[in-house]
Amino acid sequence: MTDDASVTGEPDTRALDDLLDDIYRAQERVTQAEIYRQAVAAELPPDLLARIDALPEGEYAVDEASDLLGGSIG
């Protein structure tokens with residue numbers, strides 16, 4: 001048995017990982033507001049939008065954003 005994101009109750013973070021890949025492709029740091037704006041445009045599920053909205057304002061590197069949001073990029 002493995003401990004991974006497929007455990008019942010854990011959200012599927014593939015959409016989040018894909019979004020972060022796209023956002024950080026040409027930038028090292030991105031603001032919380034920009035991550036949220038692009039997440040809304042990408043129509044991410046409400047639970048992921050709520051996580052992004054809960055991030056403190058500021059700029060994040062991809063590994064910081066992924067860690068704080070529960071993604072698997074790092």
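The following legends describe close-up views of a predicted model of one protein chain.

Residues are numbered from 1 along each chain as its sequence is written. In this predicted model, local features need pLDDT of at least 70 and side-chain atom pairs count only at pLDDT 80 or more, whereas totals for chains, interfaces and linings use all residues; side-chain values use heavy atoms, with hydrogens and water left out.

**Figure 1. Overview of the protein chain and its order of elements, α-β-α-α-β-α from the N terminus.** The chain holds 4 helices and 2 strands, taken as DSSP runs numbered from the N terminus (helices: H or I, at least four residues; strands: E, at least two). Of its 74 residues, 31% are buried, where buried means under 20% relative accessible area, exposed over 50% and partly exposed in between (1.4 Å probe, protein chains only). About 4,900 Å² of the chain is exposed, and carbon and sulfur atoms supply 49% of this area; accessible areas come from the Shrake-Rupley method with a 1.4 Å probe, and for residues only the protein chains shown count as cover. Among contacts (heavy atoms within 4.5 Å) with a separation of 6 or more, 57% join residues 24 or more positions apart.

**Figure 2. Buried and exposed residues of helix α3, residues 46-54.** L48, L49 and I52 are the buried residues of this helix. Viewed down the axis of α3, they fall within an arc of 100°, and therefore line one face of the helix; the arc is that of the directions from the helix axis to the C-beta atoms. P46 and A54, on the other side of α3, are exposed. The buried residues of α3 pack against α1 (14-24), α2 (32-41) and α4.

**Figure 3. Packing of helices α1 and α4.** The two helices pack at an angle of about 160°, and their axes are 11 Å apart. This angle makes α1 roughly antiparallel to α4. Axes are lines fitted to C-alpha atoms, for helices over the stretch in contact, and angles run from 0 to 180 degrees between N-to-C directions; those over 145 degrees count as roughly antiparallel. The crossing of α1 and α4 is right-handed, that is, the near helix is turned clockwise from the far one by less than a right angle. L16, L20 and Y24 of α1 meet V62, A65, S66 and L69 of α4.

**Figure 4. Surroundings of S66 in helix α4, residues 62-69.** S66 counts as buried because its relative accessibility is 0%. Leaving aside residues up to four places away in sequence, S66 touches L20, G71, S72 and I73.

Note on methods. Angles under 35 degrees count as roughly parallel, over 145 as roughly antiparallel, 65 to 115 as roughly perpendicular and the rest as oblique.
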